Each structure stands twice: as C-alpha cells, then as structure tokens.
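Here is a short tour of one protein chain, written for someone who is new to reading structures. Have the picture open while you go through it.

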Amino acid sequence: SQIVLATAKSLQGKSDIEAIRKILQQSDNAGEFKNTFLGQQVSKSMTIDDASIQLPADYDPTGRPWYTLAKTEGSTNFTEPYFDANENYLVISVATPIYENGNIFGVTGADIQLTDIVNIVNRVDYLGLGYAFLVTKDGKILSHPDKSLDNKNINDVFEENLGMSSS
C-alpha cells in the first residue's frame, strides 16, 4: 500500500498521459503488481501502466469496486476479490484517492492476482507444524489447502465460532 500512496503523490497535478503512464510503470515494477492504474473522476478516463491493454470504449472506472471503496472511505483500502474487467481471473486491488484543491481528482491503484498471494502464503515453511490459508474479513475462505473449503464461510467450516461476521 505504501507504493500506491507514493504513486498517488506523484500523480498529483499530472495531466499528460505519457507522464502518468511512466509513473504507473515505475510503481508496477516496484510492487511487482499485475497492473497499476489511474481512474479520473471528471473525465471518467482510465490510464493503465500497460498501454497494450484495451478496455471497452464505455468503461467507466468510477463504478469499479476499487474506485468506489477508495472514494467512499477517503483512504487507502484493499478490495474483496473480484474478476478483472479485462481478463477472467480474480484480483485484489489496493487503491487510494487523489485529491486536488480539496476535490477528488481520481483514484490510483494496483491489482494483485489472488494466485500470486496464494503462492506467497504457500511458500512459507511451517516446519510441519501447520499451514496457512486466506480468509476475508467477513469470513469467506479464499484459499485453503483443502480446496473443498474454498468459498465457504469459516464459521460454517470450523466448530468454534471465530468471530468472523458474514455479510
């Protein structure tokens, strides 16, 4: 999230698409993200670090989960997993709003493929003492060594209620 915050600061006052794209590319390289991007409030335009990605002509970033979350909360946030608009895979986005003169200019963020997070978690060696799995704050299991538990609520799977609220 620190990289996305630094990106937001770097993008303030920028309007040239190529300058914006260079900042996004630097952030993408630093964070090894799937993509980095900027959605602008007034123009409803979207700039992605990878110029070869073509979004539909009617694509409106201001309605995407990452944009609405960052704008509503007014701070850096992580989304729940969702399907990427351009390709069919699950991502989690970290996004932060950009303000100019007290008004929202846009939201910048980065996509992290869920499989990348799972691979990082699975690389940890627990010395045979256990395993890790991913769960959302609402208790939805995203990735578990027992794949039959994926997409189930943790409170439905384990006998003891672990205090996760389901929405």
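Let's begin with the building blocks: the protein contains five helices and eight strands. Walk along the chain from the N terminus and the elements come in the order α-α-β-β-α-β-β-β-β-α-β-β-α. Keep in mind that what you're looking at is a predicted model.

So how much confidence comes with it? The mean pLDDT of the protein is 86, and 93% of its residues reach 70 or more. Among the elements, strand E1 (residues 35-40) has the highest mean pLDDT, at 96, while helix H4 (residues 114-123) has the lowest, at 75. As a rule of thumb, predicted coordinates shouldn't be read in detail where pLDDT is low.

**The overall picture**

Along its principal axes, the C-alpha trace spans about 55 × 30 × 30 Å. The protein has 167 residues, and 41% of them count as buried. Its accessible surface comes to about 9700 Å², with 49% of that belonging to carbon and sulfur atoms. Now for contacts: if you take those with a separation of 6 or more, residues 24 or more positions apart account for 41% of them. As for charges, there are 13 positive and 22 negative ones, and the mean positions of the two sets are 5 Å apart.

**Rings that meet**

How many aromatic pairs does the structure hold? There are four. One of them joins Phe-37 and Trp-66, a tilted pair at 4.5 Å centre to centre with 55° between the planes. This pair links distant parts of the chain, since Phe-37 sits in strand E1 and Trp-66 in helix H3 (residues 65-73), 29 residues apart. Are these two residues buried or exposed? Both Phe-37 and Trp-66 are buried.

Another pair is made by Phe-133 and Phe-158, and this one is stacked: 6.0 Å centre to centre, with 25° between the planes. It also links distant parts of the chain, with Phe-133 in the loop between H4 and strand E7 (134-135) and Phe-158 in the segment after helix H5 (154-157), 25 residues apart. Phe-133 is partly exposed, because its relative accessibility is 26%. Phe-158 is partly exposed too, with a relative accessible area of 29%.

Back to the buried pair for a moment: Phe-37 and Trp-66 form one aromatic cluster together with Tyr-67.

**Three residues to look up**

Find Arg-21 in helix H2 (residues 17-31). Why does Arg-21 count as buried? Its relative accessibility is 14%, and the cut-off for buried is under 20%. Leaving aside neighbours within four places in sequence, Arg-21 is in contact with Thr-47, Ile-48, Asp-49, Asp-50 and Ala-51.

Next, try Glu-32, in the loop between H2 and E1. Glu-32 isn't a glycine, yet it has a positive phi of about 50°. Asn-151, in the loop between strand E8 (141-143) and H5, is also not a glycine and has a positive phi of about 75°.

Here is how accessible these three residues are:

| Residue | Relative accessibility | Class |
|---|---|---|
| Arg-21 | 14% | buried |
| Glu-32 | 69% | exposed |
| Asn-151 | 57% | exposed |

The cut-off for exposed is over 50%, so Glu-32 at 69% counts as exposed, and so does Asn-151 at 57%.

Key: Residues numbered from 1 in each chain as written. Predicted model: local features only at pLDDT ≥ 70, side-chain atom pairs only at ≥ 80, totals over all residues. Heavy atoms only, no water. pLDDT = per-residue confidence, 0-100. Helix = DSSP H or I, 4+ residues; strand = E, 2+ residues; numbered from the N terminus. Phe/Tyr/Trp six-rings, centres within 6.5 Å; stacked < 30°, edge-to-face > 60°. Buried < 20%, exposed > 50% of the residue type's maximum accessible area, 1.4 Å probe, protein only. Contact = heavy atoms within 4.5 Å. Areas by Shrake-Rupley, 256 points an atom, 1.4 Å probe, with all protein chains shown as cover. Lys, Arg positive; Asp, Glu negative; His and termini not counted. Charge placed at Lys NZ, Arg CZ, Asp CG, Glu CD.
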